[in-house]
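Biologist: Could you take me closely through one part of this model, with the cut-offs behind each term, and then turn to the places along the chain that deserve a careful look?

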Amino acid sequence: MLSQQILDLLKREISPSEYQRFIKPLIFDEKHSSSDTVVFLAPNKLLVKWIQTRYAEKIGHIYESLTGTSPTVHIEYQNTPVDVNSYEKKPKPSKNKAASTILNTAYTFENFVVGTSNQLAFAAAKSAAKAPGQQYNPLFIYGGSGLGKTHLIQAIGNYAISQGETVIYITSEQFLNDFLYNLRNQTMDRFRQKYRQCDFLLIDDIQFLSNKEQTQEEFFHTFNELYSLHKQIVLTSDKPPKKIAGFEERLTSRFEWGLMADVQPPGLETKLSIIKKKCELDNIDLDDEVIHYIAVHMKDNIREIESAIIYLNAHANLLSRKITIDFATEVMKDLIKERVVNISLDDIIKVIARELNVKPSDIKSKKRSQPIVEARRIGIYLAKSLTPENKMKDLAEFFGLNDHTAVSHAMKKINELLKTDENFRIKVEELKGKITSSKSVSCE
Ligand code: ADP
Ligand code: MG
């Protein structure tokens, strides 16, 4: 079964005790899973978030390496996910699950900490939610990773749903998949009906539609239709419209029609408030000294700060320890040591080429001699786990392969080898260590 295969592969990437504690008890939730959402159930409420933060992304990558599609992975605790479609005023007979998306009910305006770094985006999001289709249409929120864009766009969705509005929240990748699905099945009228009849169209990470001309064309018409009906459109991206490459001008200029608001890295005060807020929401008791330690030692990505809190708390619970500053320092030391920044594909190739005695240019070539093929496969495997920002197609391009299926094939081969050949596994682990140690940062 695919789900078991995924967990088996994950087993090889983590320590046996981690696997026993966190992964083995997971149950695949077939009912709520679809082609782009994979749901696993955890029997322990306390650890749901921990598993989500620490393993969901890894599970997604393994899934992608096996199937070529990259789903969102959710870890749930027996609760039924909130399905946006079920809130719609007019139920839509859509059988295509690609568009039904789970909104995180914790992503509300109340749970968002406002500071100078994000106050404009926050105020604009609130206005768009309360007075849709008016002043801030479209609302375009942009900024770096982990700074609250998804939280804000979903807060708009959660608020609108509470007002009985029809909301579609979707990532641009899901939009693309939904579009292709309906195109293939000749059900574009259904697609158009769905996207053009909502009150709020919220598209997260719009930058992924870059160079997808056909989908952009469809989105252009969706945008125009909704805009002329004064329906609210909200988009997020890692960059401002003009800086996103691979977009038609007529679209980026429309993105600028309403309001563009950025989210900046938070200052120390905001970081402290966010940590306090997260502790309050998750019922985690941290004293001020520990909170300060986290705020100072973790960088600005709030997702990482959150996982540090969850990590600390999970350790304390599992070991039945109180979170003192000493305990926090000890536990966080590992975490900080583990944080690896800015590994590039070239860094990976450089180390592999040196250690395996092949030329970097050969790894990226089409040469088929055995040592080069092996070096290339290891490169692909490590690139997938160390540079998660790269999609399969990016790796195909970088390693000189024809397309993402060739990457999947290489991943399959290497996974087989890792399973059967202990020496090979050790060799790959060592290479990984060499790459990461050359790049590890300590915040001390
Ligand atoms: P992005 O979409 O910008 O990458 P997210 O919205 O996913 O970032 O934020 C990452 C995590 O940090 C989320 O769990 C979110 O709740 C939290 N977060 C970010 N900014 C804030 C904030 N100002 N207040 C509270 N939580 C925040
Ligand atoms: Mg996001």
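Modeller: Helices and strands here are DSSP runs, numbered from the N terminus, with H or I over at least four residues for a helix and E over at least two for a strand. This is a predicted model, in which local features need pLDDT of at least 70 and side-chain atom pairs count only at pLDDT 80 or more, whereas totals for chains, interfaces and linings use all residues. Residues are numbered from 1 along each chain as its sequence is written, chains are lettered from A and ligands numbered from 1 in the order in which they are written, and side-chain values use heavy atoms, with hydrogens and water left out.

The part to look at is the shell around ligand 1, to which helix 5 (149-162), helix 10 (268-282) and helix 12 (302-318) each supply at least two residues. A residue counts as near if one of its heavy atoms lies within 4 Å, and of the 18 residues around ligand 1, those that come nearest are Gly146, Lys149, His151, Arg303 and Glu306. Domain 2 (119-263) and domain 3 (268-336) each give at least three residues to this shell, the bounds coming from an automatic or database domain assignment. By class, the shell holds six nonpolar, eight polar and four charged residues, where Asp, Glu, Lys and Arg count as charged, Ala, Val, Leu, Ile, Met, Phe, Trp, Tyr, Cys and Pro as nonpolar, and the others, Gly among them, as polar.

Polar contacts (pairs of N or O atoms within 3.5 Å) link side chains to oxygen atoms of ligand 1: a polar atom of His151 lies 2.7 Å from one, an N or O atom of Thr150 lies 2.8 Å from one, and a polar atom of Lys278 lies 3.0 Å from one. Taken alone, ligand 1 exposes 560 Å², and the protein buries 96% of that area, as computed by the Shrake-Rupley method with a 1.4 Å probe.

Helix 12 has 17 residues and reaches 24 Å from its first C-alpha to its last, close to the 24 Å expected at 1.5 Å a residue, the expected span being 1.5 Å times one less than the number of residues. At its start, a side-chain oxygen of Asn301 comes to within 2.8 Å of the backbone nitrogen of Arg303. Among the buried residues of helix 12 are Ile302, Ile305, Glu306, Ile309 and Asn313, buried meaning under 20% relative accessible area, exposed over 50%, and partly exposed in between (1.4 Å probe, protein chains only).

Just after helix 12, Ser320 takes a positive phi of about 50 degrees although it is not a glycine. Ser320 belongs to the loop between helix 12 and helix 13 (325-338) and is exposed, with a relative accessible area of 67%. Asn357, not a glycine either, has a positive phi of about 60 degrees; it sits in the loop between helix 14 (345-356) and helix 15 (360-363) and, at 71% relative accessibility, counts as exposed.

Helix 14 also contains Asp347, which counts as buried at 16% relative accessibility. A polar side-chain atom of Asp347 lies 2.8 Å from the backbone nitrogen of Ser344.

Finally, the peptide bond that joins Asn137 and Pro138 is cis, with omega about -5 degrees, and Pro138 is found in the loop between helix 4 (119-130) and strand 4 (139-143).

Technical notes
A polar contact is a pair of N or O atoms within 3.5 Å; within protein, one must be able to donate a hydrogen and the other to accept it, and residues adjacent in sequence count only if both atoms are side-chain atoms.
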